[in-house]
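Student: Could we walk through this structure together, a few questions at a time? I would like to see how each answer is reached.

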Amino acid sequence: MMKKMSIPTSKASLVLFLCQIISALDVPLDSKLLEELSQPPTITQQSPKDYIVDPRENIVIQCEAKGKPPPSFSWTRNGTHFDIDKDAQVTMKPNSGTLVVNIMNGGKAEAYEGVYQCTARNERGAAISNNIVIRPSRSPLWTKEKLEPNHVREGDSLVLHCRPPVGLPPPIIFWMDNAFQRLPQSERVSQGLNGDLYFSNVQPEDTREDYICYARFNHTQTIQQKQPISVKVFSMDSLNDTIAANLSDTDIYGAKPVTERQPVLLTPTGSTSTKVELRGNVLLLECIAAGLPTPVIRWIKEGGELPANRTFFENFKKTLKIIDVSEADSGNYKCIARNTLGSVHHVISVTVKAAPYWITAPRNLVLSPGEDGTLICRANGNPKPSISWLANGVPIAIAPEDPSRKVDGDTIIFSHVQERSSAVYQCNASNEYGYLLANAFVNVLAEPPRILTPANKLYQVIADSPALLDCAYFGSPKPEIEWFKGVKGSILRGNEYVFHDNGTLEIPVAQKNSAGTYTCVARNELGKIQNEMQLEIKDPTMIIKQPEYKVIQRYGQVSFECIIKHDSTLLPTVTWLKNNDELPDDERFLVGKDNLTIMNVTDKDDGTYTCIVNTTLDSVSASAVLTVVARPNPPFDLELTGQLERSIDLSWIPGDENNSPITNFVIEYEDALHEPGVWHYQTEVPGTQTTAQLKLSPYVNYSFRVIAVNKIGRSQPSEPSEQYLTKSASPDENPANVQGIGSEPDNLVITWEPLKGFQSNGPGLQYKVSWRQKDVDDEWTSVIVANVSKYIVSGTPTFVPYEVKVQALNDLGYAPEPSEVIGHSGEDLPMVAPGNVQVHVINSTLAKVHWDPVPLKTVRGHLQGYKVYYWKVQSLSRRSRRHIEKKILTFRGNKTFGMLPGLEPYSSYKLNVRVVNGKGEGPASPDKVFNTPEGVPSSPSFLKITNPTLDSLTLEWGSPTHPNGVLISYTLKFQPINNTHELGPLVEIKIPANESSLILKNLNYSTRYKFYFNAQTSVGSGSQITEEAVTIMDEAMASRQVDIATQGWFIGLMCAVALLILILLIVCFIRRNKGGKYPVKEKEDAHADPEIQPMKEDDGTFGEYSDAEDHKPLKKGSRTPSDRTVKKEDSDDSLVDYGEGVNGQFNEDGSFIGQYSGKKEKEPEGNESSEAPSPVNAMNSFV
C-alpha cells in the first residue's frame, strides 16, 4: 500500500538527511541505516570548560557520545587516569560517560576540584572532551571591621567603599538601608562598577546612619551584608552657629559658604588608563566625577565614532557599554565631565584581544576504500593561535603510523585510504586567552546501494508548481542515480527535469500530464536497487471573491467575503486573521462559510483582515483593510493669548479625527456674567486651522469651547477655556424691531426688542424713548426707562401717525443715534356702513354683491377689508321658515365686490356689508333681499316596490328632500333582466308631480325588473334612484311559497342557498376586479337608443349592468334595505368648494378666495341602497 506524502507548492523543500563531510560520499542520518553502519565515536554533550558547582549538591560532569558499536568511556583528572572504581563517592551513569560525585552523603566538593577530560572509544577510534575545570562556588563572610562615621561638609565629594569578599563567581553588589529599601541614585549619587557608592557632592539630605552594602552570591543563593556606614553632612549655617557660640564677641571668624567647584574625576584616576577586553565580550568603561554643580558625563571615541546599535549608556551616562566587541573597537575612548565652572577628561586606551575562534572547524569524513580526502582545521585569535593534531586522543607525532595520512600544518591529507584508516582526529587551537578542541572522524566504508525513501510513496502537487520526488540513498562507493517514468519508460533526460546530487528529481513546472509512476534506480560496483513512487497533480486553490476595502461607522456592521474554488479531492480550511494575528475572542466576530461579519464595530476593530485558505498542498490568501470612522474626539488644551479689548486669540489641539478628516471647527462662547450655562455660536474655521482670532464685546465674561466636525458628525465640546472679562463701554447698538401701535383709541404703545446681556456693553442698561406726531411741527418728547420692552403714551388723538425712536444707554454713555420708525395711535370702530349695496344673481347657487367703499377718514384705523353677512330667509317652494344661520365672507383690502357661493336654489336671501379695521367692525348696511332661481331637484326620498303578482308590481315613492323649485313631473324607466343578466328593452313613463304611487300591469310573470326613478322641475331632471323587483310565477306557487317559508327545513335550505349566493358574489367580485365584464355590455352597445347607452359617472346616467353593483353607472345607487326605500344624499353646493374657515375672499374679478364661517344645516340622510330580493324572489330568479 502506498504511503501518502504531500509536497507544498511554495518552493517545496525536500528534507535531505546529510551529515557534514568533505568527500563525494553522503551518509544520511537515517536511524535504521546508522544502526547498521559502523561509525567512530562522536561527543554529543559535555559540561562547560569552566564548571562552577554548588558545594551543597552532587557534582554532575556530563559526557555523552554516540558511535557504532556504542563507545566505552574513561576519564582523566589533572592529566592522569581517574580510576572511578576506587572512589566510592563517584559513579558513572549506565550507557553514558557522565560522572556523578555524591556530595550529599558526606563528600567534600573541594576534594574534587581539578581538570577533568572524558574519552569515548570504540573499535573505530576515540573522541575526547574539552578540559573541564571543576571549582566549587564560594560565598565568604565579610571580614569584621570598625567603621568610623563620615563627617562631610556640604558640597564636598564622598566615596563609600564596599570592598566585598572575594567569591566564586564574583557577587552582585547593591546598596540598601535598614528597611531593605534600595538607596535612590541619580547623576549626583551612583554606584560604581567596583560596588563603591560615589557622591559627586553631598547635600544635607544625605545624612543617615544606614548606608549598607550587600553582596548577593547567585550560585549559592546567599546575601552577605556589610556593617552600616554613617554619614553626617554639616551645612555652613549650622557650622557657623556652632563656632560663634564658642568665640567671644571680639573674635573675628567667618566660615566660607558652600562654594561651587569644577569637576574632578573620582574614578578612574589620572588622565589616562588602559583596558583589555576579549573579542565577543561586553566592554564596560566608567567615569565618575566630583564637582558642584553636579558634572555631566559625555563619551567620545578619538578618531572614530561609537559603534551604532551596539553602544549603550548606563548609570546616568557614567558607564559606556559596548556589546559584542571586536578588534575594530580597539582605540582611545575619552570621557568628559563638565559643569558650569569647567571640565575634566580621561582617556582610556582599549585593546581587544581574542581567544581562538574557528575559521574552518574540521568536519567528519566518510570515504570509500581507495578514495582521497582532507581534514582542515583553521582558527584565528589575538595573538594568533597555534594548531596541534591528535589521533584518537594521542598527539599525532606519537600515534601509530598510517601510510595513508600526511600532516601539513592545519591540514591532514588522506590518500588511497583503507578500512583500517578509520580514526577520530582532534584539532587543538590555543593561545594565552583560551583554546578550541574539535573532534572529526575519518570513517572508511564499503556498502552496496540502499534507497532510504519508503517504497510506493504518493506525491501530490498543485498544477504549475514544482514537484520534488525524493530518492534518498546511500552506498559506498557513492551510487549513481537514474530516473524512469512509467512501467516501461525510458530514462529521464532533458531541460524539463532537474537532477539533484542527493537523488531528488525536480519537475520545475508540473503539468497535468506529469502525473504517473516514477522509478528511481541506484547502482554502484557492489549492487543495484530501485524504488517506485506515484505523482498526482491537483487543481490550484483560488479565491474568486476577495474581501474588499471597507469604511464603516462606529457601532455599525461590516462583512468581508471570501469565496473560494478548489480541487474536489482536497479539503480546504478557511482562517481569518486580523493584522496577521488570530481574531479577537469576541462574540461580535461571526465567521461564516464564505464571510466574516463584525457586529457593533468599535475603534479597536480597525485593521487589516486576511482570509487564508489552506489545503494539504497549497495556501492562498487575500486581505482587505477595515477603516472604522466616527465623530472626532473633542479638541483639548484650549489657550487664550493676545488679549485685547475687542479681540482675543484662541488656540487648541485637535483630538483624534477617527479616520475621517476634520472639515471645520465650531467655536462657541458662554457669557458667565449675563447668561451662565448658555453657549452661543461664535464662529467656525477650516479643519486645517487650530487658531482663531475672535471678536469680543465689552462687559462680557467670556469662556470658549471648540467642537470638531467631520463627515460623520460633530464631536463632543472641548473643556471650556479660562474666562476672560472684557472692559465696559457704551452700547454699540440700539434695540431692534421698534414699533408704535396703539392698544386703545387714546394711546400709543411703543415696543422694542431689548438688547441681550452681552449687547449692553456695561452696567446700568436703560432706554431713551422718544416720540412726536408726524407732519406736525412738534418737539420730541422723551423719557428714560429701565431695561423693559415697552412704553405707553396716553392722551393721544385717535389713529394719527407718530415718529418713534428708542436709544440704548448705560453707565458709560449713549449708543449711536437711532433711526426713526412710523407708528400710529390706537384705532376706534369704523363710523359708517358701506352704501349702494347691489346683488346680481348669477345662477341658482351663486350671486355677486357690489358696494361703495366708505371714506378712509371714517374707518378710524387700518382698513382690513369688508365682511358680507348673508342668510337664507325661506325656501320659495315650501314657504316654511327654519332656523336662520348667518354666513360670513371676508374680503381683504379695499374691495368693492365679492362672490357668494353655495346658495340654495329657489330660495330667498338677505345680506348686509360692514367695513372692518384693526379694532373691529363698523355698522351694517341696510339688509338687501334677493332670490335664487329654480334648480334641478334632488333624488326622490325613497322608492318602494310592493304587492308582486303574476303581471303587476306596485311602486311607492317620496318627494325629493330638496325640490329646488316647483316639481312638474316624475320619470320612471324600467327594463327586464333575464337569467343571464342581460338587460331587455327600456320602457319610460311620465308621472304627474302630485302622484306618490303607481301600479305597473301587463308585466311578464316570474321576471326580474330594474327601475330608474327621478323628479323634474322646469330647469331639468334631478338625480335618480334605482330598485329591482320580481313578478311571481303563479298564485298557487305564491301560496306554497308562503307555507314553505315557515318550515324549519326550508329555512335551513335557504341559509345554504344564501351561503352559495355569497360565494358566487365573491367570485364575481374577484372577476370584476380583474377586469372581467358580463355579456350585457355587448348587448347594450348594440342598442341605438341613446337613452339606454352607458353614461359617465359625473352625469348620473346608466352604465354597464353588474350583478354585484346593479347601478354602478349611477355611482351612488345600491340595493335597498328591508323597507325597500331609497334616499339620495344632499346634493346642494358646498362652500367648501370656495374657501374655508371664517374669512372667505374673492379675487379682483369677484371670484371666491374667501372663507365661509357659517355651518350649513345638515339634511337627514337616506339609505341609497336597494334591498336584496326575498328568498321567494331569489328562488324565482334562479328558476
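Tutor: Happily, and let us begin with a loop: Pro69 has its place between strand 5 (63-68) and strand 6 (72-77). Helices (H or I, at least four residues) and strands (E, at least two) are DSSP runs, numbered from the N terminus. This is a predicted model, where local features need pLDDT of at least 70 and side-chain atom pairs count only at pLDDT 80 or more, while totals for chains, interfaces and linings use all residues. Residues are numbered from 1 along each chain as its sequence is written, and side-chain values use heavy atoms, with hydrogens and water left out.

Student: Is the peptide bond from Lys68 to Pro69 cis or trans, and what is its omega?

Tutor: Pro69 sits in the loop between strand 5 and strand 6. The bond that leads into Pro69 from Lys68 is cis, and its omega is near 0 degrees.

Student: Where is Pro268 found, and what is the omega of the bond from Thr267?

Tutor: Look in the loop between strand 21 (261-267) and strand 22 (272-278) for Pro268. The peptide bond from Thr267 to Pro268 is cis, with omega near -5 degrees.

Student: Strand 22 also holds Glu277. Is Glu277 buried or exposed?

Tutor: The cut-offs decide this: buried means under 20% relative accessible area, exposed over 50%, and partly exposed in between (1.4 Å probe, protein chains only). Glu277 has 14% relative accessibility, so Glu277 counts as buried.

Student: What separates the C-alpha atoms of Glu277 and Thr351?

Tutor: Along the chain, Glu277 and Thr351 are 74 residues apart. In space, their C-alpha atoms are separated by 6.4 Å.

Student: Why is strand 18 described as largely enclosed by the rest of the structure?

Tutor: Strand 18 covers residues 208-217, which makes 10 residues to consider. It is largely enclosed because the buried ones among these 10 number seven.

Student: Which residue of strand 18 stands opposite Met176?

Tutor: Two strands pair if DSSP finds at least two bridges between them. Strand 15 (residues 172-176) and strand 18 run antiparallel and are joined by five bridges. Opposite Met176 in strand 18 stands Ile212.

Student: In the hairpin of strand 18 and strand 19, which turn residue has a positive phi?

Tutor: Strand 18 pairs with strand 19 (residues 222-225) in the antiparallel sense over four bridges, and Arg216 has Ile223 as its bridge partner there. Four residues lie between the two strands of this hairpin. The turn residue with a positive phi, about 55 degrees, is Gln221.

Student: Which residues touch the most other members of the largest nonpolar core?

Tutor: A nonpolar core is a set of buried Ala, Val, Leu, Ile, Met, Phe, Trp, Tyr and Cys residues joined through side-chain atoms within 4.5 Å. The largest one has 30 residues, and strand 10 (114-122) gives the most to this core, with three residues. Those touching the most other members are Ile59, Ile61, Trp75 and Ile134.

Student: Which strands stand at the edges of the sheet with the order 61-60-63-64?

Tutor: This is an open sheet of four strands with antiparallel pairing. An edge strand has a single partner strand, so one side is left without a neighbour in the sheet. The two edge strands are strand 61 (675-686) and strand 64 (724-725).

Student: Which residue in strand 64 stands opposite Tyr702?

Tutor: Strand 63 (residues 701-710) pairs with strand 64 in the antiparallel sense over two bridges. Facing Tyr702 in strand 64 is Tyr724.

Student: In the sheet with the order 80-81-84, which residue of strand 81 stands opposite Lys944?

Tutor: Here three strands form an open sheet with antiparallel pairing. Strand 80 (940-946) is an edge strand, and six bridges join it to strand 81 (residues 953-960). The residue opposite Lys944 is Glu956.

Student: Is His416 buried or exposed?

Tutor: His416 is found in the loop between strand 36 (411-414) and strand 37 (423-431). It has a positive phi of about 45 degrees although it is not a glycine. Its relative accessible area is 53%, so His416 is exposed.
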